[in-house]
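Reader: I am new to this structure and should be grateful for a close look at one part of it. Please take chain B as the subject, and set it beside its partner where the two meet.

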Amino acid sequence: MKLLDQQTQQQISDLVNACVSYWDLRGIPPHRIIEMRLELEQHLQQAIYDGKSLEAVVGANPPAFAEEWAREMHPSFFTGKLVLLQALVFVLSTVSSTALIEHLLSHSPLFKLTFLYPWYFIMLGFFSLLARWAGFLSPRIKTREKRQVLAFAVYAFAVILFLLIDRLLGMKLRFDLVLLSWSWPITALLLVGSIAFFYLNLWLVSDKEMLLAGSKSFFCKENNRPVGRAQTVQYIKTFTLLVAIFDFVVLLAQLL
Amino acid sequence: MDTRSTQLLKGTLDMCLLATIARRPCYGYEMVQQLAQQGLDLVSEGSIYPLLSRLQQNGYIESYLVPSNDGPKRKYYRLLPNGAKQLAQWQAEWEKFAHSVEQVLKGDGLDEAVRSTNTTTDLRSR
């Protein structure tokens with residue numbers, strides 16, 4: 001079989017990943033998603049070899065195509081909620097770790113949860129969705145860089161628009177507005193909770209990955225090397241990086 | 001392919017897919033190629049997959065993975081007994097429908113019906 005050039009391969013891979021991310025969010029079981037992915041990827045590749053466009057396969061509206069297929073798979077409400085658990089773990093970890101930093105740095109027994117937190121989480125969630133679904137633009141925008149730039153431009157535009165509306169309506173969004181406050185025992189409890197949820201989530205992510213890789217257990221090893229852990233490792237890396245960035249911002253704000 | 005043909009194909013695509021699979025087990029892209037060879041070009045080739053999923057959920061077809069020389073395994077579909085029954089029923093419905101449409105287009109049935117109605121009206125008026 002002929003090899004596709006890197007740009008076309010990226011177009012296919014981004015489009016397929018956008019569909020997979022959508023199906024995941026819609027609650028389609030992982031073993032079904034892996035089959036759908038396989039079929040779509042192979043079809044797109046073969047269509048390109050035969051001189052057809054990506055649009056000839058997924059139509060002019062790729063999200064509509066992904067939704068049409070998802071509907072026929074009878075998605076379950078609970079299967080897709082791993083994403084929500086991941087979000088909960090991230091929120092808990094970020095809040096509890098920054099609360100701990102604040103308790104230690106300012107020697108204050110009281111932690112104040114300001115409006116900055118929900119703002120950060122909403123913006124991050126929105127950006128994450130845009131970055132994932134930029135792949136739906138693959139049939140129209142050929143290079144990955146252009147798709148990413150467009151996703152970022154949409155994101156920046158939405159944030160600026162939101163801030164403009166806020167100013168125009170005179171709401172004067174205050175990031176230091178205190179929404180909740182609690183003392184250190186609650187922080188300790190939240191830390192324990194976030195660690196417990198993190199492990200639960202990790203177990204579910206790795207279990208899902210093992211299922212997709214066709215292995216029986218997370219601890220299953222092949223030639224003394226763990227198999228199919230790429231997604232789990234990626235999840236831990238991204239998770240740690242995002243919590244660390246927010247903690248760093250809080251630490252910086254405390255020092256300044 | 002013009003819009004009317006697209007609409008017609010949309011309404012009968014599940015039946016065409018079932019008939020294609022009934023001839024021999026095949027994978028998605030193969031089905032699209034077979035349909036194209038028979039003059040049925042799809043506007044969006046991927047539209048076969050939701051339909052294949054529906055046919056599978058209804059128990060008309062089943063899928064299985066076959067190792068491929070070109071790379072990862074391919075997902076093939078084959079007909080189940082329920083699918084064969086359903087295809088026979090759809091074929092009968094389609095033949096009846098196509099026959100009726102043909103009659104309308106040629107005006108055969110209508111001529112006879114109009115003639116008999118006119119005759120009855122003439123007799124009554126006498």
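Author: The following account takes chain B element by element, then turns to its contacts with chain A and to the confidence of the model.

The model is a predicted one. Chain B is made up of five helices and three strands, and from the N terminus these follow one another as α-β-α-α-β-β-α-α. The chain has 126 residues, of which 20% count as buried. Among its contacts with a separation of 6 or more, 49% are between residues 24 or more positions apart.

The strands of chain B are a suitable place to begin. They form an open sheet of three strands in the order E1-E3-E2, with antiparallel pairing. Strand E1 (26-27) and strand E2 (61-68) of chain B are at the edges; each has a single partner strand, so one side of each is left without a neighbour in the sheet. In general, the strands of a sheet pair through backbone hydrogen bonds, either parallel or antiparallel.

The two pairings can be followed residue by residue. E2(B) and E3(B) run antiparallel and are joined by seven bridges. These two strands form a hairpin, with two residues between them. B:Glu62 stands opposite B:Arg78 of E3(B), while B:Val66 stands opposite B:Arg74 of that strand. E1(B) pairs with E3(B) over two bridges, also in the antiparallel sense. Here B:Cys26 has B:Tyr77 in E3(B) as its bridge partner.

Helix H4 (residues 81-106) of chain B has 26 residues, which at 1.5 Å a residue should span 38 Å; its end C-alpha atoms are 37 Å apart, in agreement with that expectation. H4(B) is hardly covered, for the count of buried residues among its 26 residues is two. Just after this helix, B:Gly107 takes a positive phi of about 80°.

The boundary between the chains comes next. On the side of chain B, 16 residues are in contact with 18 residues of chain A. Helix H2 (28-37), helix H3 (48-57) and strand E3 (71-79) of chain B each supply at least two residues of the side that touches chain A. The most come from H3(B), which gives five residues. By kind, the residues of this side of chain B divide into five nonpolar, six polar and five charged.

One residue of chain A shows this meeting of the chains in detail. A:Glu39 lies in helix H2 of chain A and touches B:Gly28, B:Tyr49 and B:Lys75, residues up to four places away in sequence not being counted. A:Glu39 is buried, because 22 other C-beta atoms lie within 10 Å, and the cut-off for a buried residue is 20 or more. A:Glu39 and A:Ser138 are 99 residues apart in sequence and 18 Å apart in space, C-alpha to C-alpha.

The largest nonpolar core also draws on both chains. This core has 44 residues, of which A:Leu15, A:Cys19 and A:Trp23 touch the most other members. Two or more residues come from each of helix H1 (6-26), helix H2 (30-49), helix H3 (55-58) and helix H4 (62-72) of chain A, and from each of helix H1 (3-23), H2, H3 and E3 of chain B. H1(A) gives the most to the core, with eight residues. The contacts of A:Leu15 include A:Leu54, A:Val58, A:Pro62 and A:Phe136, with residues up to four places away in sequence not counted.

Finally, the confidence of the prediction should be considered. Chain B averages a pLDDT of 87, and 83% of its residues score at least 70. Among the elements of chain B, H3(B) has the highest mean pLDDT (96) and helix H5 (residues 108-125) of chain B the lowest (59). For chain A the mean pLDDT is 82, with 86% of the residues at 70 or more. Confidence in chain A is highest in H4(A), at 95, and lowest in strand E3 (residues 221-222) of chain A, at a mean of 40. Over residues 214-228 of chain A, pLDDT stays under 50. Where pLDDT is low, the predicted coordinates should not be read in detail. For the complex, the predictor gives an ipTM of 0.83 and a pTM of 0.78.

Note on methods
Residues are numbered from 1 along each chain as its sequence is written. Chains are lettered from A and ligands numbered from 1 in the order in which they are written. This is a predicted model: local features need pLDDT of at least 70, side-chain atom pairs count only at pLDDT 80 or more; totals for chains, interfaces and linings use all residues. Helices (H or I, at least four residues) and strands (E, at least two) are DSSP runs, numbered from the N terminus. A residue is buried if 20 or more other C-beta atoms lie within 10 Å of its own, exposed if 12 or fewer, and partly exposed in between; C-beta atoms are placed from the backbone. Two residues are in contact if their C-beta atoms, placed from the backbone, lie within 7 Å. Ala, Val, Leu, Ile, Met, Phe, Trp, Tyr, Cys and Pro count as nonpolar, Asp, Glu, Lys and Arg as charged, and the others, Gly among them, as polar. A nonpolar core is a set of buried Ala, Val, Leu, Ile, Met, Phe, Trp, Tyr and Cys residues joined through C-beta atoms within 7 Å. pLDDT is the predictor's confidence in each residue, from 0 to 100. The expected span of a helix is 1.5 Å times one less than its number of residues. Two strands pair if DSSP finds at least two bridges between them.
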